[in-house]
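Here's a quick tour of one model, starting from a single residue and working outwards. Have the viewer open as you read.

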Amino acid sequence: MAYDATTLPDISGLTVGIIGGTGDQGRGLAYRFARAGQTVLIGSRAADRAAEAAAEIAALPGVPADAPVSGAGNDEVARRSDVVIVAVPWDGHEATVAALAGPLAGKIVVDCVNPLGFDKQGPYALTVAEGSAVQQAAALLPDSRVCAAFNHVSAPLLADPEVDRIDLDVLICTEDRELVGVVAALAARIPGMRGIYAGRLRNAHQIEAFTANLIAINKRYKAHAGIRVTDL
């Protein structure tokens, strides 16, 4: 079955919350969704930092003057959002997700966290007891609809106002096939992106780990490399 963007659902009315929205990846994704006119909520442990980041994003080039972008504490963002993207550092992942289990019940949760370590030889994948970051999230959020996506999207590209298209594929891992269309439609809000189903949650660990390879590629070739799946 070939990829066909015309079959994707209309998600323009959904509110997208980003937990960790003041970090590089979270801010970049928030900026791109705001540019597309999506309602975006920036989440942070400190509500004032979230509000400040939201104001900065709303003022960036390409964001509509009436773009619905605001900031709040993580708990409030989780409660008010339809889709919640988890973009926190790995060392705070477990505690942050566990604390939000209540407000995230019934919500679509997209985990884009990569468990990586760094030493003198560069980045490397860490061992996660549950198998991957998203499997840890799924174990902590039994009442949420969980998937992995946006793991390999370059934060500098997302944040660059001069970049109009980001030509890469977003690999989606989930047990819930209905989520694939929703998340693929969200990816398609960013020109050039496609969301591609890449298997169940058990297949997410190698996707998360591959980010270490991309970092090495980017360092060697001074690039912002992504992934494109051929023959689709």
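## A loop residue to start with

This is a predicted model, so let's begin with one spot in it. Ala-46 counts as partly exposed, because its relative accessibility is 25% and that class runs between 20% and 50%. You'll find Ala-46 in the loop that joins β2 (39-44) to α2 (47-58). Measuring C-alpha to C-alpha, Ala-46 sits 11 Å from Ile-19, with their positions 27 residues apart in sequence.

## Two more spots to compare

Is Thr-15 buried or exposed? With a relative accessible area of 15%, Thr-15 is buried, since the cut-off for that is under 20%. Thr-15 belongs to strand β1, which covers residues 15-19. Leaving out residues up to four places away in sequence, Thr-15 touches Thr-39, Leu-41, Arg-80, Ser-81, Asp-82 and Val-83.

Gly-102 is another loop residue, placed between α4 (93-99) and β5 (108-111). Gly-102 is exposed, because its relative accessible area is 55% and the class starts over 50%. From Gly-102 to Pro-61 is 36 Å in space, C-alpha to C-alpha, for 41 residues in sequence.

## The annotated stretch

UniProt, in an unreviewed entry, puts the feature "domain: Pyrroline-5-carboxylate reductase catalytic N-terminal" at residues 15-115. In the model, that span is 38% helix and 24% strand. The C-alpha atoms at the two ends of residues 15-115 are 27 Å apart.

## Helix α7

On to α7, residues 177-188. Its 12 residues should span 16 Å at 1.5 Å a residue, and the end C-alpha atoms are 17 Å apart, so the two agree. At the start of α7, Asp-176 brings a side-chain oxygen to within 3.1 Å of the backbone nitrogen of Glu-178.

Which residues of α7 are buried? They are Leu-179, Val-180, Val-182, Val-183, Ala-184, Ala-185, Leu-186 and Ala-187.

## Helix α8

Helix α8 takes in residues 204-221, and the same check works here: 18 residues at 1.5 Å each should span 26 Å, and the end C-alpha atoms are 26 Å apart, so that agrees. Just past the end of α8, Lys-222 has a positive phi of about 50°.

Buried residues in α8 are Ala-204, Ile-207, Glu-208, Thr-211, Ala-212, Leu-214 and Asn-218. As a reminder, an α-helix has 3.6 residues a turn, so residues three or four places apart point the same way. What covers the buried residues of α8? The cover includes strands β6 (116-119), β7 (122-125), β8 (145-148) and β9 (168-174), along with helix α5 (133-140).

## The whole chain

Zooming out, the protein chain has 8 helices and 10 strands. Its C-alpha atoms fill a box of roughly 40 × 40 × 35 Å along the principal axes. A compact globule of 232 residues would have a radius of gyration near 17 Å; the chain comes in at 16 Å, so it agrees with that rule.

Half-and-half is the story for burial: 50% of the 232 residues count as buried. Among contacts with a separation of 6 or more, 77% involve residues 24 or more positions apart. The accessible surface is about 10,900 Å², and carbon and sulfur atoms hold 51% of it.

Definitions and conventions: Residues are numbered from 1 along each chain as its sequence is written. This is a predicted model: local features need pLDDT of at least 70, side-chain atom pairs count only at pLDDT 80 or more; totals for chains, interfaces and linings use all residues. Side-chain values use heavy atoms; hydrogens and water are left out. Helices (H or I, at least four residues) and strands (E, at least two) are DSSP runs, numbered from the N terminus. The expected span of a helix is 1.5 Å times one less than its number of residues. Buried means under 20% relative accessible area, exposed over 50%, partly exposed in between (1.4 Å probe, protein chains only). Contact means heavy atoms within 4.5 Å. A polar contact is a pair of N or O atoms within 3.5 Å; within protein, one must be able to donate a hydrogen and the other to accept it, and residues adjacent in sequence count only if both atoms are side-chain atoms. UniProt positions are given in the numbering used here, feature names are shortened, and annotations may be inferred rather than shown by experiment. The radius of gyration is taken over C-alpha atoms; the globule rule is 2.2 Å times the number of residues to the power 0.38. Accessible areas come from the Shrake-Rupley method with a 1.4 Å probe; for residues, only the protein chains shown count as cover.
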